[in-house]
Amino acid sequence: MQVAGWHVEIEFDEDESHTRAAALLRLRDGTELRARTSSTRDPQDPNEPRIGEEIAGARALRDLAEQLELKGRAEARNLTKQ
């Protein structure tokens, strides 16, 4: 059995009402997938940066997951055409 791993980085940039997330996924084939997302704090919510990071981070990971699925489906189609 072969063990594989991927490297994911997520960086956050925040101000008083917005959190932006930039995510990078590096795959074994050298492909890098990137996503940029954000979240906006409701003015009535407490100023807790961790929550904005979790929401923006989840959105970035969801975007990466969608990109990864599209990549995998395209590669599977290409293999079946050979």
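In this predicted model, R20 pairs up with D13 in a salt bridge, and the closest N and O atoms sit 3.2 Å apart. R20 also has another partner: a salt bridge links R20 to D15, this time with 3.8 Å between the closest N and O atoms. The general idea is simple enough: side chains of opposite charge can pair when their charged atoms come close. How buried or exposed are the residues of this little group? R20 has a relative accessible area of 32%, so R20 falls in the partly exposed class, which lies between 20% and 50%. D13 comes out as partly exposed too, with a relative accessible area of 43%, and D15 is likewise partly exposed, at 41%.

Another salt bridge joins D29 to K71, and here the closest N and O atoms are 2.8 Å apart. Where do these two residues lie? D29 is found in the loop between strand 2 and strand 3, while K71 belongs to helix 1, so this pair ties together parts that are 42 residues apart in sequence. K71 has a relative accessibility of 17%, and because anything under 20% is called buried, K71 gets that label.

Salt bridges turn up elsewhere as well. The structure holds nine of them, and some hook up into a network whose members are E9, R26, E32 and R34.

Now for the pockets. The largest pocket encloses about 250 Å³ of space. Its lining is made up of 18 residues, and those nearest the centre of the pocket are R41, P46, E48, I51 and G52. Which elements help to build this lining? Strand 2 (18-26), strand 3 (32-40) and helix 1 (49-81) each put in at least two residues. Helix 1 is the top contributor to the lining, giving four residues. As for chemistry, the lining of the largest pocket mixes seven charged and seven polar residues with four nonpolar ones.

Finally, a word on confidence. Across the chain, pLDDT averages 93, and 99% of the residues reach a score of at least 70. Among the elements of the chain, strand 2 has the highest mean pLDDT, at 97, and helix 1 has the lowest, at 94. Helix 1 is thus a recurring name here: this helix carries K71, the partner of D29, and gives the most to the lining of the largest pocket.

Conventions:
Residues numbered from 1 in each chain as written. Predicted model: local features only at pLDDT ≥ 70, side-chain atom pairs only at ≥ 80, totals over all residues. Heavy atoms only, no water. 1 Å grid on protein atoms, 1.4 Å probe; cavity = no way out; pocket = protein on both sides within 12 Å on 5 of 7 lines; lining within 4 Å. Points joined across faces, edges and corners; volume = space filled by probe spheres on them. Nonpolar A, V, L, I, M, F, W, Y, C, P; charged D, E, K, R; others polar. pLDDT = per-residue confidence, 0-100. Salt bridge = Lys/Arg side-chain N within 4 Å of Asp/Glu carboxyl O. Buried < 20%, exposed > 50% of the residue type's maximum accessible area, 1.4 Å probe, protein only.
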